[in-house]
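Biologist: I am new to this structure, so please choose a single part and take me through it closely, explaining each term as it comes up.

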Amino acid sequence: MIWRGIITKLWATIIAIVAIALVFLTILLLQFFENSNLHQTELQMHKIGTKSVQLIENGGDRRTALNSISDISGVYSAGSALVTNRDYWFSAPDKGFPRLNRHFFQSDPVLNKALVSGKFVEKQGAFSNGGTTPAKMIIIGLPVHTRLGENGALYIFQTLNIAQNAIDQSKKLIYISTGIAIILTTFFAFFLSTRIGAPLRRMRTAVLQVARGNFDINVPVVTRDEVGDLAVAFNKMRDDLKANMTALNQEKEQLAGILDNMADGVVLLDENGRIKAKNPPATAFVRSWAFEHDDARSPSILTEMLLSASGERKQQIQNVTTQGRFWVVILTPLYSRQKIRGAVAVLRDMTEEQHIDQMKKGFVANVSHELRTPVSMIQGYSEAIIDGIAETDQEKTDMAKIILDESKRLGRLVNELLDLAKLEAGHFQLNKKDVPLIDFFSHTVNKFSNLAEKTGIRLELETDAGENDCFVFDPDRVEQVMTNLIDNAIRHTSEEGWVHISVHLESGELSVKVRDSGTGIAEEDLPFVFERFYKADKARTRGKSGTGLGLAIAKHIIDAHGGEISVNSRKEHGTTFQFSLPDNGD
Ligand SMILES: Nc1ncnc2c1ncn2[C@@H]1O[C@H](COP(=O)(O)OP(=O)(O)OP(=O)(O)O)[C@@H](O)[C@H]1O
Ligand SMILES: [Mg+2]
């Protein structure tokens with residue numbers, strides 16, 4: 001990890017640059033030293049040689065001349081040798097020089113030329129004489145011709161050790177400066193590491209924390225440079241991110257809340273028709289679909305609709321019935337660019353609406369039937385009377401009675417419709433009174449005694465109310481309720497049957513039950529009997545059939561009193577309607 005760090009890279013780069021520069025410098029310096037040293041040495045030796053040759057050729061005292069030569073060359077750490085046809089002389093400043101003899105100079109092909117051809121010669125190399133270790137030397141030879149006819153050559157030689165020493169010294173200096181450069185670079189790297197590396201590392205940790213969702217982490221702003229600016233920018237980014245995330249989460253929660261509390265079902269599908277999310281009403285739909293089709297996967301209707309939506313590239317609407325409930329499914333495809341990435345299906349439970357719709361249709365049919373039947377009968381019998389079809393007075397009376405009955409029936413239908421319209425619109429006032437219970441209920445029940453007698457039905461009233469017990473309610477409206485309940489009971493009870501009315505006053509509450517031993521109501525019809533126009537007995541047998549409004553009106557009246565009305569029944573086992581009225585004494 002550390003090797004990949006920016007500081008390490010910087011450090012390595014600087015070291016490499018310093019090293020390369022130093023290597024070049026070393027090579028160039030050494031070459032320069034070597035060349036300049038050699039040149040210097042050659043020049044010196046030339047001067048010494050020329051001076052020495054002059055000393056010998058001037059013809060002074062030979063011994064003094066040789067001593068002077070030895071001294072001059074000694075000053076420059078050089079040695080000298082004189083080779084003539086008469087004698088041989090050698091002088092060296094210290095014992096480090098090999099002892100070169102006449103033979104050495106005469107046998108060397110280059111050096112020999114100074115002797116033989118009288119030329120100036122120069123030679124570099126490792127020289128030794130006999131068994132001595134070779135020494136790196138530079139030797140120059142100058143021809144010598146004295147006035148006394150003596151010929152030969154003077155050789156000046158110098159070891160190259162001095163030059164070598166200087167080079168070694170320079171190398172040492174270069175090594176030291178390399179070491180210093182490395183140490184300085186390392187210090188520089190450490191400095192950078194604390195100034196740049198540490199804040200960057202802190203920022204990296206902070207970024208990772210933020211990525212994990214921890215928005216409380218703060219990057220300290222230590223320096224006022226680009227790194228400091230970066231820390232400030234990071235902290236701002238973190239604040240913005242936190243605000244955005246919070247807003248996003250709140251929006252998500254709001255959306256989830258809305259979805260969960262929606263009456264419509266919402267299903268989110270992926271591109272393969274798999275359910276990715278759904279709300280509670282949608283769960284109910286999926287469950288009932290799975291139950292009906294014995295298939296635990298996504299409802300096939302949704303997959304099919306998604307397929308059509310992909311093909312047609314437009315919204316799909318379908319009606320679906322499952323487990324007796326009626327749903328309208330609206331599927332809207334979701335696009336990601338041109339590709340469909342899924343769909344949102346809205347499932348609306350339209351069971352009630354469909355039921356109401358059907359009821360409305362039924363109502364029109366019912367009302368037209370209800371109206372048509374009495375109207376055509378009135379018309380028919382009136383024509384019969386006018387045309388003189390009825391011959392006897394008795395026949396005429398009978399026909400007129402039918403006309404009267406039918407017009408009453410028509411009147412009742414119109415009144416009930418008007419009543420219901422008023423009740424539903426809320427435009428009616430309860431006319432509450434303190435009503436003596438026994439009087440009221442006996443009167444209401446007695447109205448039906450003739451009818452009961454005619455149809456052979458036993459009609460009974462049972463009550464635990466006292467002679468003077470009173471209760472506050474609207475007597476006309478409650479009588480309307482009782483009339484309908486008793487009328488229904490008698491109409492749905494065959495001969496030899498009974499209708500039992502019980503009235504109880506219990507803890508300030510009036511409870512009334514109308515029981516009969518009649519046909520009963522089928523279980524599937526029970527929840528709907530209080531709806532307007534609902535008729536459980538669909539066969540409209542004359543005389544028995546009503547308008548289907550009576551119970552709807554009754555429920556409105558009882559509700560307006562703040563009471564409750566309910567029904568219990570079993571097919572062929574009779575029916576019980578009961579209602580209760582609270583004592584609100586006003
Ligand atoms: N005691 C009962 N026994 C059997 N069925 C009943 C009884 N009471 C009501 N019903 C059923 O409930 C339906 C609704 O009754 P409701 O009183 O609202 O209408 P209706 O009697 O048909 O007409 P209306 O009362 O307006 O003349 C009836 O058509 C009948 O099928
Ligand atoms: Mg009725």
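**The surroundings of ligand 1**

Modeller: A side-chain N or O atom of Glu416 lies 2.8 Å from an oxygen atom of ligand 1, which falls within the limit for a polar contact, defined as a pair of N or O atoms within 3.5 Å. This is a predicted model, in which local features need pLDDT of at least 70 and side-chain atom pairs count only at pLDDT 80 or more, while totals for chains, interfaces and linings use all residues. Residues are numbered from 1 along each chain as its sequence is written, chains are lettered from A and ligands numbered from 1 in the order in which they are written, and side-chain values use heavy atoms, with hydrogens and water left out.

The backbone takes part as well: a polar backbone atom of Leu551 is 2.7 Å from an oxygen atom of ligand 1, and for a backbone N or O atom of Gly548 the distance to a ligand oxygen is 2.9 Å. Of the 590 Å² of accessible area that ligand 1 has on its own, the protein covers 99%, as computed by the Shrake-Rupley method with a 1.4 Å probe.

Turning to the whole shell, 24 residues surround ligand 1, each with a heavy atom within 4 Å of it, and Asn488, Arg491, Asp537, Thr547 and Leu551 come nearest. These 24 residues divide into eight nonpolar, 10 polar and six charged, where Asp, Glu, Lys and Arg count as charged, Ala, Val, Leu, Ile, Met, Phe, Trp, Tyr, Cys and Pro as nonpolar, and the others, Gly among them, as polar.

As for the elements behind the shell, at least two residues each come from α10 (393–425), α13 (475–491), α14 (550–560) and β17 (575–581), with helices (H or I, at least four residues) and strands (E, at least two) taken as DSSP runs numbered from the N terminus. The largest share, four residues, is supplied by α13.

Methods. A polar contact is a pair of N or O atoms within 3.5 Å; within protein, one must be able to donate a hydrogen and the other to accept it, and residues adjacent in sequence count only if both atoms are side-chain atoms.
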